[in-house]
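Let's walk through this one by asking and answering, starting with how a couple of elements sit together and then moving into the interior.

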Amino acid sequence: MKQGTRKQQIVNIAARLFKERGYSAVTMRDIATSMGIKASSLYNHINSKQDILTNIIIFLAEEFTNGMEDIKVSNINSIEKLNKIIEIHVNITIQNTFEMASLNNDWMHLEERLDYYLKLRDNYEDNFRKIIVEGMENNEIIKGNPEVILFSILSTLRSLYLWIPKKEEQKPEDLAQNLTNVLINGVKA
């Protein structure tokens, strides 16, 4: 997420705390303490902890959705589309490591925007699945169960936030290429 405003600083610190402790265990007082301010001061910039979580999750879900829309309409083959999806996941995760923990672990705590988030997620997965099926139909991807392929690739991509901080020396483009080599090309010698 972007840096800068006080609201964004609050969101960034909250995201780190949510990753470390889990959304339910973090209070507004914890966020304020981490910022070195009084809890009452937070409310000048943000309405609630729920508002923070919504900002994090909806921002990321829309980033992934916009990226997928660009890929979906692009004039490239299915393998290249899968490569682009991997690149998007790597780039968004590197820029939003703490926030990705909330997206993956805390989405069920969304209140007013849960239905909207689920719609974005379902559409994203449907488009991903369509790319896989299209690749099978065009003999670019081996015939198999599209759900297993989707699960295998997406599970790895969704868990990058756990692994990336331990591999800070990785350049995003190198990581995306290495992931493509394994997830798309396989490990068979």
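A quick convention before we start: helix axes here are lines fitted to C-alpha atoms over the stretch in contact, and angles run from 0 to 180 degrees between N-to-C directions. Keep in mind, too, that this is a predicted model.

Q: What pattern does the chain follow along the sequence?
A: The chain has 10 helices and zero strands. Reading along the sequence, you get α-α-α-α-α-α-α-α-α-α.

Q: What does the C-alpha trace of the chain span along its principal axes?
A: The chain has 189 residues, and buried ones make up 40% of them. Along the principal axes, its C-alpha trace spans about 60 × 35 × 25 Å.

Q: What share of the contacts in the chain with a separation of 6 or more comes from residues 24 or more positions apart?
A: One such long-range pairing is A15 with F98, as A15 touches I56, F98 and E99 once residues up to four places away are set aside. For the chain, residues 24 or more positions apart account for 67% of the contacts with a separation of 6 or more.

Q: How far apart are the end C-alpha atoms of helix α1?
A: Helix α1 covers residues 6-21, which is 16 residues. At 1.5 Å a residue, that should span 22 Å, and the model agrees, because the end C-alpha atoms are apart by 22 Å.

Q: Which residue follows α1, and what is its phi near?
A: Right after α1 the phi is positive. The residue is G22, with phi near 95°.

Q: Are α1 and α2 roughly parallel or roughly perpendicular to each other?
A: The two helices pack with their axes 10 Å apart, at an angle of about 115°. The crossing is right-handed. Angles of 65 to 115 degrees fall in one class, so α1 and α2 are roughly perpendicular.

Q: Which residues in α2 meet α1?
A: From the α1 side, the residues involved are R6, Q9, I10, I13, A14, R16, L17 and R21. Among them, I10, I13, A14 and L17 are also buried. Their partners in α2 are D30, I31, S34 and M35.

Q: What covers the buried residues of α1?
A: The buried set in α1 is Q8, I10, V11, N12, I13, A14, A15, L17 and F18. What covers them includes α2 (28-35), α3 (39-42), α4 and α6 (97-105).

Q: Is A15 buried or exposed?
A: A15 lies in helix α1. Its C-alpha atom is separated by 9.9 Å from that of L103, 88 residues apart along the chain. Buried means under 20% relative accessible area, and A15 is at 0%, so A15 is buried.

Q: Which helix gives the most to the largest nonpolar core?
A: That core has 55 residues, and those with the most contacts inside it are I31, I52, I85 and F128. The helix giving the most supplies 10 residues, and it is α4 (residues 49-73).

Q: Which residues does F128 touch, not counting those up to four places away in sequence?
A: F128 lies in helix α7 (residues 114-137). At 0% relative accessibility, F128 counts as buried. Its C-alpha atom is separated by 9.7 Å from that of I71, 57 residues apart along the chain. The residues F128 touches are M68, L82, I85, L150, I153 and L154.

Methods: Residues numbered from 1 in each chain as written. Predicted model: local features only at pLDDT ≥ 70, side-chain atom pairs only at ≥ 80, totals over all residues. Heavy atoms only, no water. Core = buried A, V, L, I, M, F, W, Y, C linked by side-chain atoms within 4.5 Å. Buried < 20%, exposed > 50% of the residue type's maximum accessible area, 1.4 Å probe, protein only. Helix = DSSP H or I, 4+ residues; strand = E, 2+ residues; numbered from the N terminus. Contact = heavy atoms within 4.5 Å. Expected span 1.5 Å × (residues − 1). Parallel < 35°, antiparallel > 145°, perpendicular 65-115°, else oblique. Left-handed = near helix turned anticlockwise from the far one by under 90°.
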